[in-house]
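The following questions ask why certain helix packings get the labels they do. Look over the model before reading on.

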Amino acid sequence: MNLIMLVYYVICAVLLGLCLWNFFREKKSRDDLVLYLLVMVPLVLRLLRWK
Amino acid sequence: MKREVLTKAGLAVLAAALIVAGGLPLLRHRRFDVPVVMGPGVARVERLSAYAPGVARTIADTNVFVLEGREPGGKAVLLANTHANEPEGLLAALVVVENAVVEKGTVYVIPTFNASGGRNTKPGDGYPLYFHLQTDWGTKTFRMGNRDASPLDQWPDPDVYIHYPDRQLLSYIDARNTNRTWPGRPNGLLMERVTYGAMELIRREAVDVAIDIHGAETMFPVTNCIVAPEKSMRIATLAALTVKAAEGFESHVEPSPVSFRGLSHREIGDHASALPFLLEAPTPFLDQPTGPKTEKLLLDGRDPFLLSLAKKKMLFVPYDESGWPLEKRVGQHLSLILEILRQFGKKNPERSIVLKDVPRYADLVRNGVGRYFHDPAAAPKGRVVME
């Protein structure tokens, strides 16, 4: 894995962390909760190296 | 508070279920290996990393089957699954590995040249993950791959792919296309390291003939043909004329463009002494205006939309209700490989490469492809390799 690819995985993890943070902090909107989860799906798949 | 936690937990479970249900089949596909029975001609199996250390311990490292003849002669290399969504190439290469006996010369076969692409798929096009062939001993399952390497293995894509060494600007996606990254370099992108490995094999082993086996859309003009640069043109023309006269199928000759860089039929010839050839068989599955991309379409090549287009004369190959079945495509490739090697041997008798026990077009059309695959469970110990 070269350095640029590694950095992209780190970016992916940071974005996932931000989504998780917002997911836990969200108190009112159920729509936003669903949106955070949907955004997380490809990030999780990439970090697990499934797709 | 309790209600909020329950809602979040419920949604998180749903998302996790979505990830597992959608992701696990893709993970299984990526890890699925196809057993290959080494035929009587296989002397040993090497790894591409022996020629390109840059692919060692990566998913791009792949098997190189070495078929050695009883007497020395010339050398040929067969490359398949350069585009892993064109399985006629893979199957033709595996039929050679499982059946061929080399009487003279040496043949290197790389059935899964883009190993990362062979474990990738194209969910947006609804590609099947696997296809199955009926054999005399049961069903054999193969992975259906994608044209390009997986972004899991080479990421991110550049905005524009700058070809090495010519610096021609190519589409960003071609950075993962092993028919645009020739001649490659030892420390470049992963796919450049793959093509560099094949170039090193060709140079170090003094390979005479390199054949890259593909499939192409029926609506694409470069289909049902042999693509050859100037130095290979004579042999390609003789092979095309001979199969037409002797075996009754057509495969015209297309000149390899000089100014389009990165393609095997151009760069192998320019960076080594080998004569390159690229074989294209018509593959209806690859066309855009078809019905669903099913396993059936992949195998029988029958599609009502293409039939309608054929009636409007919009295809570049003859097309009728019989479609363009897999056995015809694999058979064409095998006959063309044998004919190219024969024509090369006629011109260079001291460097000839003679294969026997490889079925030809008529055999494949009559018997199907599955007939030529052997049961891994019944193979002698140590003669099965996972591909």
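The questions and answers below concern a predicted model.

Q: Why is α2(A) called roughly parallel to α1(B)?
A: α2(A) and helix α1 (residues 2–31) of chain B pack at an angle of about 30°, their axes being 10 Å apart. Angles under 35 degrees count as roughly parallel, so α2(A) is roughly parallel to α1(B). The crossing of α2(A) past α1(B) is right-handed.

Q: Which residues make the contact of α2(A) with α1(B)?
A: On α2(A) they are A:Arg30, A:Leu33, A:Val34, A:Leu37, A:Met40, A:Val41, A:Val44 and A:Leu45. On α1(B) they are B:Thr7, B:Lys8, B:Leu11, B:Ala12, B:Ala15, B:Leu18, B:Ile19 and B:Gly23. By class, twelve are nonpolar, two polar and two charged.

Q: What makes α2(B) oblique to α8(B)?
A: Helix α2 (residues 87–99) and helix α8 (residues 326–347) of chain B pack at about 60°, with axes 9 Å apart. Roughly parallel needs an angle under 35 degrees, and roughly perpendicular needs 65 to 115. The angle of about 60° meets neither condition, so α2(B) is oblique to α8(B). Among the residues in this contact are B:Leu91 and B:Val95 of α2(B), and B:Val330 and B:Leu334 of α8(B).

Q: Which element gives the most to the side of chain A that touches chain B?
A: α2(A) does, with eight residues. In total, 15 residues of chain A are in contact with 14 residues of chain B. The chain A side has eleven nonpolar, no polar and four charged residues.

Conventions: Residues are numbered from 1 along each chain as its sequence is written. Chains are lettered from A and ligands numbered from 1 in the order in which they are written. This is a predicted model: local features need pLDDT of at least 70, side-chain atom pairs count only at pLDDT 80 or more; totals for chains, interfaces and linings use all residues. Two residues are in contact if their C-beta atoms, placed from the backbone, lie within 7 Å. Helices (H or I, at least four residues) and strands (E, at least two) are DSSP runs, numbered from the N terminus. Ala, Val, Leu, Ile, Met, Phe, Trp, Tyr, Cys and Pro count as nonpolar, Asp, Glu, Lys and Arg as charged, and the others, Gly among them, as polar. Axes are lines fitted to C-alpha atoms, for helices over the stretch in contact, and angles run from 0 to 180 degrees between N-to-C directions. Angles under 35 degrees count as roughly parallel, over 145 as roughly antiparallel, 65 to 115 as roughly perpendicular and the rest as oblique. A crossing is left-handed if the near helix is turned anticlockwise from the far one by less than a right angle, and right-handed if clockwise.
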